[in-house]
Amino acid sequence: SDVCSSDPNCIKLNESQLLSFSIVENLQRVNLTALETAIAINRALDTKVFKSETHLAKALGKTPAFIS
């Protein structure tokens, strides 16, 4: 059965989107090292879900300079 059919607030996501949201969630943790942050940013950009570094920065609530 379709899980989203009964919930108007439900959003269907593909595998790439799910991965990106997972990465974003991890990036929002405050205890990441600089290396862990860099790896997560690269993974998020590799998924191509975010159109640009600026788009990812906005999703994270960070400046584009933080992502570069």
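1. Throughout this note, buried means under 20% relative accessible area, exposed means over 50%, and partly exposed is what lies in between, with a 1.4 Å probe and protein chains only as cover. By that scale Val-30 counts as exposed, because its relative accessibility is 84%. Val-30 belongs to the loop between H1 and H2, where helices (H or I, at least four residues) and strands (E, at least two) are DSSP runs, numbered from the N terminus. From Val-30 to Leu-13 the C-alpha to C-alpha distance is 26 Å, with the two positions 17 residues apart in sequence.

2. The model is predicted, with local features requiring pLDDT of at least 70 and side-chain atom pairs counted only at pLDDT 80 or more, whereas totals for chains, interfaces and linings use all residues. Residues are numbered from 1 along each chain as its sequence is written, and side-chain values use heavy atoms, with hydrogens and water left out.

3. Helix H3 (residues 53-60) has as its buried residues Leu-56, Ala-57 and Leu-60. They lie on the same side of H3 because the arc they cover around the axis is only 100°, the arc being that of the directions from the helix axis to the C-beta atoms. As general background, an α-helix has 3.6 residues a turn, so residues three or four places apart point the same way. The cover over the buried residues of H3 includes H1, H2 and helix H4 (64-67).

4. Both ends of H3 deserve a look in the viewer. At the N-terminal end, Ser-52 acts as a cap, with a side-chain oxygen 3.3 Å from the backbone nitrogen of Thr-54; this falls under the polar contact criterion, namely a pair of N or O atoms within 3.5 Å, where within protein one must be able to donate a hydrogen and the other to accept it, and residues adjacent in sequence count only if both atoms are side-chain atoms. After H3 comes Gly-61, which has a positive phi, near 75°.

5. The loop between H2 and H3 holds Thr-47 and also Lys-48. Thr-47 is buried, since its relative accessible area is 17%, and its side chain reaches the backbone oxygen of Ala-44 at 2.7 Å. Once neighbours within four places in sequence are left aside, Thr-47 is in contact (heavy atoms within 4.5 Å) with Ser-16, Leu-19 and Ser-20. Lys-48, by comparison, counts as exposed because its relative accessibility is 67%, and its phi is positive, about 65°, although Lys-48 is not a glycine.

6. Within helix H2 (residues 34-46) sits Thr-37, which counts as buried because its relative accessibility is 15%. Not counting residues up to four places away in sequence, Thr-37 touches Leu-27, Leu-32 and Phe-66.

7. Pro-64 is placed in helix H4 and counts as partly exposed, since its relative accessibility is 40%. Apart from neighbours within four places in sequence, Pro-64 is in contact with Thr-54 and Ala-57. Its C-alpha atom is separated by 6.4 Å from that of Glu-53, which is 11 residues apart from Pro-64 along the chain.

8. Lys-62 is located in the loop between H3 and H4 and is partly exposed, because its relative accessibility is 40%. Between Lys-62 and Gln-28, which are 34 residues apart in sequence, the C-alpha to C-alpha distance is 9.9 Å.

9. On the surface, Ile-11, Leu-13, Leu-18 and Phe-21 form a nonpolar patch with about 410 Å² of accessible area together. Patches are made of residues with over 30% relative accessible area and no salt bridge, like charges being joined within 9 Å and nonpolar side chains (Val, Leu, Ile, Met, Phe, Trp, Tyr) within 5 Å; a salt bridge is a side-chain nitrogen of Lys or Arg within 4 Å of a carboxyl oxygen of Asp or Glu. Accessible areas come from the Shrake-Rupley method with a 1.4 Å probe, and for residues only the protein chains shown count as cover. Of the patch members, Leu-18 is found in helix H1 (residues 15-27) and counts as partly exposed because its relative accessibility is 49%.
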